[in-house]
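Visitor: I'm new to reading protein structures. Could you walk me through this one?

Guide: Sure, ask away once it's on the screen.

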Amino acid sequence: MTAELDLLDWKRRIFELYAGVRASEARAGWERWRTVRAVLFREHPQSPSPGYSDLAYFDYDPALRFLAEVRPAEEAKVEIDGFPFRRFAVACFDLGELELYWLEGYGGGVFLPFADATSGSETYGAGRYLLDTVKGADLGLEDGRLVLDFNFAYNPSCSYDDRWACPLTPPPNRIASPIRAGERYAMPRTP
């Protein structure tokens, strides 16, 4: 297959994975998410780190799953590491507010990166992703509120290999407290 068709297959598998997560009880969905990610990282040609088998996670913490009220924000064009986004809303939940961004490229998509007090020590220094609907990372809505389950936070592909370009966390999405949920950073970047 070509690299483009490999990437299409990767995206299909991620979309299917998150559809299964949304249809599952939260912890069971998280267990499946970890299992499928391990296989994809180890075996798929579009893996951010082919053959890698040491994905590390914090223990599942149900207290770090939130239903956020989404409130409109003053729209602003934002360039994040060369990628065009538009801030369109904020997600308000028990730990504060995080800005929601819309990718301005073809088809668009919701993007929610964040950094916290673990960034740079226990997790990737430039932050992690919680939602990236262009790539299928979407936990859905519950009772009209956006699901923010930090147990599903993951490192961007560029944290594994420099061949990937990743929009990183802008200053408004930095949380002062530690979020010990989701993927930890256990692997140094390749040279």
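Visitor: In the hairpin of strand 1 and strand 2, which residue takes a positive phi?

Guide: Before we start, keep in mind that this is a predicted model. Strand 1 covers residues 65–80 and pairs with strand 2. Their hairpin has two residues between the strands. The one with a positive phi, near 50°, is Asp81.

Visitor: How many helices and strands does the protein chain have, and what pattern do they follow?

Guide: Counting them up gives two helices and seven strands. Now read along the sequence and write α for a helix and β for a strand. The pattern comes out as α-α-β-β-β-β-β-β-β.

Visitor: In what order do the strands sit in the sheet?

Guide: Strands of a sheet pair through backbone hydrogen bonds, either parallel or antiparallel. Here the pairing is antiparallel, and the sheet is open. Strand 5 and strand 6 are the edge strands, each pairing on one side only. Put those two at the ends and the order reads 5-4-3-2-1-7-6.

Visitor: How many bridges are there between strand 1 and strand 2?

Guide: You can pick out some facing residues along this pair. Val70 stands opposite Ala91 in strand 2, and Lys77 stands opposite Arg86 in strand 2. The two strands run in the antiparallel sense, and the number of bridges is nine.

Visitor: And what is the bridge partner of Ala91 in strand 3?

Guide: Strand 2 joins strand 3 through a hairpin of two residues. Strand 3 takes in residues 96–103, and eight bridges join it to strand 2. Look there for the residue paired with Ala91: it's Leu98.

Visitor: Which residues are the closest to the centre of the largest pocket?

Guide: That pocket has a volume of about 650 Å³. Its lining is made of 28 residues, so to speak a long guest list, and the closest to the centre are Trp10, Asp132, Lys135, Ser157 and Trp164.

Visitor: Which element gives the most to that lining?

Guide: Four elements give two or more residues each: helix 1, helix 2, strand 2 and strand 5. By class, the lining has 21 nonpolar, three polar and four charged residues. The top contributor, with five residues, is helix 1.

Visitor: How compact is the protein chain?

Guide: The C-alpha atoms fill a box of roughly 45 × 35 × 35 Å along the principal axes. The radius of gyration is 16 Å, close to the 16 Å that the globule rule gives for 191 residues. So the chain is as compact as a globular protein of that length.

Visitor: Is Gly51 buried, partly exposed or exposed?

Guide: You'll find Gly51 in the loop between helix 2 and strand 1. Buried means under 20% relative accessible area and exposed means over 50%. Gly51 has 47%, so the word for it is partly exposed.

Visitor: Where is confidence highest in the protein chain?

Guide: Overall, the chain averages a pLDDT of 92, and 96% of the residues score at least 70. Among the elements, confidence is lowest in helix 1, at a mean of 94. It is highest, at 98, in strand 7.

Technical notes
Residues numbered from 1 in each chain as written. Predicted model: local features only at pLDDT ≥ 70, side-chain atom pairs only at ≥ 80, totals over all residues. Heavy atoms only, no water. 1 Å grid on protein atoms, 1.4 Å probe; cavity = no way out; pocket = protein on both sides within 12 Å on 5 of 7 lines; lining within 4 Å. Points joined across faces, edges and corners; volume = space filled by probe spheres on them. Nonpolar A, V, L, I, M, F, W, Y, C, P; charged D, E, K, R; others polar. pLDDT = per-residue confidence, 0-100. Pairing = 2+ DSSP bridges. Rg over C-alpha atoms; globule rule 2.2 N^0.38 Å. Buried < 20%, exposed > 50% of the residue type's maximum accessible area, 1.4 Å probe, protein only.
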